[in-house]
Amino acid sequence: MDCFLLKGNVLYSSSMEKIEVCPNSFLVCEDGICRGAFAELPDRYKAFPVYDYGDKLIIPGLTDLHIHAPQFAFRGMDMDLELMEWLQCCAFPEEIKYADISYAQKAYSIFAQTLRESATTRAVIFATVHQKATELLMELLENTGLITYVGKVCMDQNAPEGLREKSAEASAFDTIEWLNHVSGKYQRTRPILTPRFIPACSGKLLEELGKIRRAYDLPVQSHLSENPEEIELVQSLFPESLFYGDCYDHYNLFGSKPGTCFGGQTVMAHCVYSSGAEMELMKRNDVMAAHCPASNMNLSSGIAPVRKYLDMGIRVGLGSDVAGGQTESIFRAMTDAIQVSKMYWRLVDRNTKPLTFEEAFYMATAGGGQFFGRVGKFEEGYEFDALVLNDEKLPHPQELSPRQRLERFAYLGGDMTEIEAKYVAGREIRLH
């Protein structure tokens, strides 16, 4: 692994409330690990090669905690529908196409290439129920150099023919076969257990997935309390459950359940309508929330009370939720998160203060990065993920601070074209 220095204006979250700004500083990478940012370089690093980016901004890589790879092909379309109708009319028909491996090759290649060139360095990704297409997606992502979790989706009810697996047993069998086939195959691409959401999974399937989680020690991703109609359906299907998250927890699919052998990470997307009891269970089981503000607006789901999660100490990151969200940009997710929090404060609860830019930046970097371990900061011992941002095409009539330039870059969409360089775990990603 290379040892090197990046030189420029270094910014990162030292806490949720503070962005550390290190102007004209050296950022040290030693064998894929960050050793810190220094205005004056310690002698022990002076032999390292220097990549001098001048006045450009250097920040940690961004983490996308929730994105649907097979939906990437229709992002930006049919954005006038609500969630349940959108799934039936748009998402499910598109995902059926991935039974055709030639279509999967074409569509997933576009997705992987776009993600490679984006500001995202790590992502947690839904595939489809199709084993071969999921393995193809993992192969393509491995070749990007990004670090990802990818899940073969499991669903055996309330889905159209072509996506609805034959039975709970068949879904479990295919999942185990997939896990065995990809075991040890990739260096940067990891499997994650993926029940689609409670309405698409029978009790028997959820039970089987709980067994698989125990046997393979897997993390879990799914959806939680996104839409009122969805929540009502969950209650009708599982009337014994106290709330949505309680159903996952009953089957040992909801975080690190106290008093059991179940550990590992769980990330739940949306959490728009989580009750106080559900939030308490998330906190107790250390379930992470993936806040997806663009999707929640586009599909008329609502506004997640992110301030409440943060105040409770629940870990929160950001998700693009393509194609519910129209773009893979986590910078856009940052600014959307701030904007919808203002609407929550104005329209729902005046005691719930809006998010700051510092908090949104933290969620996009160190917050979401926690799902992958020590990721998302430029502090000693963190994995070295970095972006070099070029904001020269965003001129301003006066001199701005690096902090001001970063906020402006996020709001003006500079990441869509102006990523100068990208590093993941110390490896440079060739962007073009």
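# A guided tour, starting at Ile19

At 9% relative accessibility, Ile19 counts as buried, because buried means under 20%. Select Ile19 in your viewer to begin; the model you are looking at is predicted.

**Stop 1: around Ile19**

Colour strand β2, residues 18-30, and you will find Ile19 inside that stretch. Now show the side chains around Ile19. Setting aside residues up to four places away in sequence, Ile19 touches Leu11, Tyr12 and Ser13, and also Phe357, Glu358, Phe361 and Arg403. For a distance to try, pick the C-alpha atoms of Ile19 and Gly376: they are separated by 12 Å, although the two residues are 357 places apart along the chain.

**Stop 2: the whole chain**

Zoom out and switch to a cartoon view. How many helices and strands does the protein chain have? There are 13 helices and 17 strands to find. Turn the chain about its principal axes, and the C-alpha trace spans about 60 × 50 × 45 Å. A compact globule of 432 residues would have a radius of gyration near 22 Å, and the protein chain, with 21 Å, agrees with that.

Contacts tell you how the chain is put together. Take those between residues at least 6 apart in sequence: 75% of them join residues at least 24 apart. Buried residues make up 62% of the 432 residues.

Next, turn on the surface. The protein chain exposes about 16600 Å², and carbon and sulfur atoms supply 49% of that area. If you colour by charge, you will have 43 positive and 59 negative side chains to look at, with the centres of the two sets 3 Å apart.

**Stop 3: the cores**

Hide the surface and select Trp86, Ile125 and Phe331. These three touch the most other members of the largest nonpolar core, which has 126 residues. Stay with Trp86 for a moment. Not counting residues up to four places away in sequence, its contacts include Gln71, Phe74, Met77, Asp78, Met79 and Leu81. Further contacts of Trp86 are Ala91, Leu299, Ala323 and Gly324. Apart from this largest core lies another one, of 16 residues, with Leu6, Leu27, Cys34 and Phe378 among them.

**Stop 4: a cis peptide bond**

Go back to one of the contacts of Trp86, Ala323. What kind of peptide bond joins Val322 and Ala323? The bond is cis, with omega about 10°. Ala323 lies in the loop that runs between β14 (316-318) and α11 (330-347).

**Stop 5: two residues with positive phi**

Select Ser225, in the loop between β11 (220-224) and α6 (228-237). Its phi is near 50°, a positive value in a residue other than glycine. Is Ser225 buried or exposed? With a relative accessible area of 2%, Ser225 is buried.

Then move to Asn252, whose place is in the loop between α7 (244-250) and β12 (266-270). Asn252 is not a glycine either, yet its phi is positive, at about 60°. Its relative accessible area is 19%, so Asn252 counts as buried under the 20% cut-off.

**Stop 6: three partly exposed residues**

Start with Glu82, in the loop between β5 (62-68) and α1 (83-96). Glu82 has 45% relative accessibility and counts as partly exposed. Leaving aside neighbours within four places in sequence, Glu82 is in contact with Asn227, Leu299 and Ser300. Leu299 is a residue you met before, as a contact of Trp86. From Glu82 to Glu94, twelve residues along, the C-alpha distance is 17 Å.

Continue to Ile303, in the loop between α9 (293-298) and α10 (306-312). Ile303 is partly exposed, with a relative accessible area of 24%. Beyond residues up to four places away in sequence, Ile303 touches Val272, Val340, Met343 and Tyr344. Draw a distance from Ile303 to Met343: their C-alpha atoms are 8.1 Å apart, with their positions 40 residues apart in sequence.

Finish at Glu139, found in helix α3 (residues 131-144). At 33% relative accessibility, Glu139 counts as partly exposed. Which residues does Glu139 contact, leaving aside neighbours within four places in sequence? Glu139 is in contact with Lys185 and Tyr186. Glu139 and Lys185 are 46 residues apart in sequence, and their C-alpha atoms are 9.2 Å apart in space.

Definitions and conventions: Residues are numbered from 1 along each chain as its sequence is written. This is a predicted model: local features need pLDDT of at least 70, side-chain atom pairs count only at pLDDT 80 or more; totals for chains, interfaces and linings use all residues. Side-chain values use heavy atoms; hydrogens and water are left out. Helices (H or I, at least four residues) and strands (E, at least two) are DSSP runs, numbered from the N terminus. The radius of gyration is taken over C-alpha atoms; the globule rule is 2.2 Å times the number of residues to the power 0.38. Buried means under 20% relative accessible area, exposed over 50%, partly exposed in between (1.4 Å probe, protein chains only). Contact means heavy atoms within 4.5 Å. Accessible areas come from the Shrake-Rupley method with a 1.4 Å probe; for residues, only the protein chains shown count as cover. Lys and Arg count as positive and Asp and Glu as negative; His and the chain ends are not counted. The place of a charge is taken as NZ of Lys, CZ of Arg, CG of Asp or CD of Glu. A nonpolar core is a set of buried Ala, Val, Leu, Ile, Met, Phe, Trp, Tyr and Cys residues joined through side-chain atoms within 4.5 Å.
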